[in-house]
There are 2 protein chains.
Amino acid sequence: MNAANLRARVRAEMTEEIKQVARRHLATDGANLSLRAVARDLGMASSAVYRYFASRDELLTALIIDAYDAVGEAAEQAAAGQGEPAERWVAIGHAVREWALANRHQWALIYGSPVPGYQAPQDTIVPATRVIMALAETIRSGLESGRITTFPPQPAGRFGEELAAVAEQFGPDVPPYLVGGGISGFIHLCGAISAELFGQLDNTIEDDRRGFFDWQMRATAAFAGLA
Amino acid sequence: MNAANLRARVRAEMTEEIKQVARRHLATDGANLSLRAVARDLGMASSAVYRYFASRDELLTALIIDAYDAVGEAAEQAAAGQGEPAERWVAIGHAVREWALANRHQWALIYGSPVPGYQAPQDTIVPATRVIMALAETIRSGLESGRITTFPPQPAGRFGEELAAVAEQFGPDVPPYLVGGGISGFIHLCGAISAELFGQLDNTIEDDRRGFFDWQMRATAAFAGLA
DNA sequence: GCCACAACGAGAGCACTGCTCTTGCACGTC
DNA sequence: GACGTGCAAGAGCAGTGCTCTCGTTGTGGC
């Protein structure tokens with residue numbers, strides 16, 4: 001093995017270790033992650049961490065990308081399952097919800113209020129779309145197999161054109177209103193999980209939140225046209 | 001006016017002034033509000049602020065309560081308008097959205113990820129319900145005037161019972177599934193606004209976000225049974 | 001009118017933060 | 001052996017939330 005490669009490998013391992021400890025701190029302390037505390041846990045000086053991440057924001061960005069990838073992975077695995085498109089849609093929802101429940105601070109990092117002063121760089125764009133792409137794929141497979149039976153109301157006006165522009169990226173025959181229904185379902189999905197995690201459901205639905213979520217996801221599936 | 005009242009009035013004015021400056025800082029710097037910076041802006045020592053708010057969290061709590069009240073006020077005013085229940089439902093949605101657009105950091109404070117280490121005290125519970133109460137009132141007036149035509153699918157299982165328990169607080173004849181539809185609509189409302197504010201709509205719907213929101217709100221109104 | 005008291009503001013100080021700069025060390029290459 | 005490079009450590013700066021103390025000032029009871 002080449003010496004340069006060895007260096008690179010050690011560096012990659014160290015980078016991963018920092019992220020791992022940072023994630024652990026995120027889980028206990030929440031979003032105001034202390035770089036110094038992470039360094040202390042690793043038994044190194046705080047300044048040494050700056051060899052790996054130029055700033056606290058850059059560390060946060062790395063965590064954000066990883067979180068997008070993790071939840072996207074969960075969604076894609078659920079989407080790859082068997083069953084009718086509508087069932088797969090609901091399954092994606094449950095997979096995302098369960099990931100969020102298990103990693104609530106990472107969820108807050110990506111779908112909660114943006115960290116103040118933090119500007120998401122370009123690197124986050126592609127991983128950020130994996131969940132909604134899994135949902136979109138479900139709709140398209142429903143279209144192809146003739147499983148789209150009901151339809152959302154036609155969008156009218158300028159945003160209908162914008163939906164049409166987005167629809168073109170998916171294929172020539174994808175109706176804009178289905179794209180709207182998909183985005184709307186994704187928004188409802190995110191809203192339902194955030195509401196549960198951020199305490200909006202307290203004092204109303206306490207026991208069977210999974211059931212309530214399931215009920216909502218079936219409604220979004222129906223709205224998106226999935227039989 | 002007696003002297004004690006005068007003192008109390010000066011204190012109330014000072015408290016209000018601190019909150020005002022804090023809100024201004026919130027609007028520019030985001031959620032990591034600096035108590036020292038607020039004090040500097042007011043030309044006073046940072047320690048003096050602690051005469052009015054025992055901690056930064058307490059100041060945040062005051063801002064949160066004010067924000068809940070402000071958005072609740074906007075929702076109630078929209079709900080008091082004329083028109084069919086479905087129109088009032090949509091009007092509430094637009095009022096809340098416009099308030100959120102004008103006060104995005106306050107929105108993030110109440111509906112975004114919770115501030116780390118911050119535990120919402122009891123004082124916030126009642127103001128927090130004003131928006132959803134305005135929506136609920138719309139459904140109930142629709143029920144009374146026979147404007148409920150379609151119905152959400154029946155919730156089954158434990159969460160259906162929980163919905164029934166919530167429904168009893170509204171009156172003897174409110175069906176649980178309408179409560180579910182209302183909560184679901186509220187969740188979708190919050191999700192749609194948060195998605196717009198927190199950047200989830202970037203690169204898809206850019207121009208006519210109001211139209212897209214309107215389209216979604218009409219769908220939630222229909223799901224909640226409002227004709 | 002006087003006096004005790006509570007409220008108040010200012011300042012110093014503690015422990016913490018992100019981040020920078022300099023220094024010293026351990027390498028592989030020439 | 002000299003050199004350059006990547007790395008870690010430490011000191012230091014400016015900022016933070018919060019506490020404590022001290023002097024001042026206004027207020028209510030006598």
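## A salt bridge in chain B

The side chains of B:D69 and B:R130 come together in a salt bridge, with 2.6 Å from N to O. This pair ties distant parts of the chain to each other: B:D69 sits in helix α4 (residues 56-79) of chain B, while B:R130 belongs to helix α8 (residues 130-144) of chain B, 61 residues apart. B:D69 is partly exposed, at a relative accessible area of 28%.

As you look around, keep in mind that this is a predicted model.

## Salt bridges in chain A

How many salt bridges does the structure hold over all chains? There are 38. Let's visit some in chain A. A:R140 pairs with A:E137, and their closest N and O atoms are 3.0 Å apart. Both residues lie in helix α8 (residues 130-144) of chain A, three residues apart, or about one turn of the helix. A:R140 has a relative accessible area of 30% and A:E137 has one of 39%. Each value lies between the 20% and 50% cut-offs, so A:R140 and A:E137 both count as partly exposed.

Another salt bridge joins A:D202 to A:R209, where the closest N and O atoms are 3.1 Å apart. Is each partner buried or partly exposed? A:D202 is partly exposed, at 38% relative accessibility. A:R209 is buried, because its relative accessible area is 15% and buried means under 20%. Salt bridges can also join up into a network, as they do for A:E16, A:K19, A:R23 and A:D66.

## The annotated DNA-binding region

An unreviewed UniProt entry carries the annotation "DNA-binding region" for residues 34-53 of chain A. In the model, this span is 60% helix and 0% strand, and its end C-alpha atoms lie 13 Å apart.

## Around DNA strand C

Now follow DNA strand C, which has 20 residues around it. Which of them come nearest? They are A:L35, A:R36, A:R56, B:R11 and B:R51. Of the strand C atoms that come within 4 Å of the protein, 48% belong to sugar and phosphate.

Several contacts reach phosphate oxygens of this strand. A:S34 places a polar side-chain atom 2.8 Å from one, and B:R11 places a polar side-chain atom 2.7 Å from one. A:R56 instead uses a backbone N or O atom, which lies 2.6 Å from a phosphate oxygen. The surface near strand C gets at least two residues each from α2 (35-42) and α3 (46-49) of chain A and from α3 (46-49) of chain B. Of these, α2(A) gives the most, with three residues. By type, the surface residues are eight nonpolar, six polar and six charged.

## Around DNA strand D

DNA strand D is surrounded by 23 residues, and the closest are A:R51, B:S34, B:L35, B:R36 and B:R56. Sugar or phosphate makes up 52% of the strand D atoms within 4 Å of the protein, and the rest belong to bases.

What does the side chain of B:R36 approach? One of its N or O atoms is 2.4 Å from a base nitrogen of DNA strand D. The side chain of B:S34 has an N or O atom 2.8 Å from a phosphate oxygen, and a polar backbone atom of B:L33 is 3.1 Å from a phosphate oxygen. Two or more residues of the surface near this strand come from each of α3 of chain A and α1 (3-29), α2 (35-42) and α3 of chain B. Here α1(B) gives the most, with four residues. The residues of this surface divide into ten nonpolar, six polar and seven charged.

Note on methods: Residues are numbered from 1 along each chain as its sequence is written. Chains are lettered from A and ligands numbered from 1 in the order in which they are written. This is a predicted model: local features need pLDDT of at least 70, side-chain atom pairs count only at pLDDT 80 or more; totals for chains, interfaces and linings use all residues. Side-chain values use heavy atoms; hydrogens and water are left out. UniProt positions are given in the numbering used here, feature names are shortened, and annotations may be inferred rather than shown by experiment. A residue is near a molecule or strand if one of its heavy atoms lies within 4 Å of it. A polar contact is a pair of N or O atoms within 3.5 Å; within protein, one must be able to donate a hydrogen and the other to accept it, and residues adjacent in sequence count only if both atoms are side-chain atoms. Ala, Val, Leu, Ile, Met, Phe, Trp, Tyr, Cys and Pro count as nonpolar, Asp, Glu, Lys and Arg as charged, and the others, Gly among them, as polar. A salt bridge is a side-chain nitrogen of Lys or Arg within 4 Å of a carboxyl oxygen of Asp or Glu. Buried means under 20% relative accessible area, exposed over 50%, partly exposed in between (1.4 Å probe, protein chains only).
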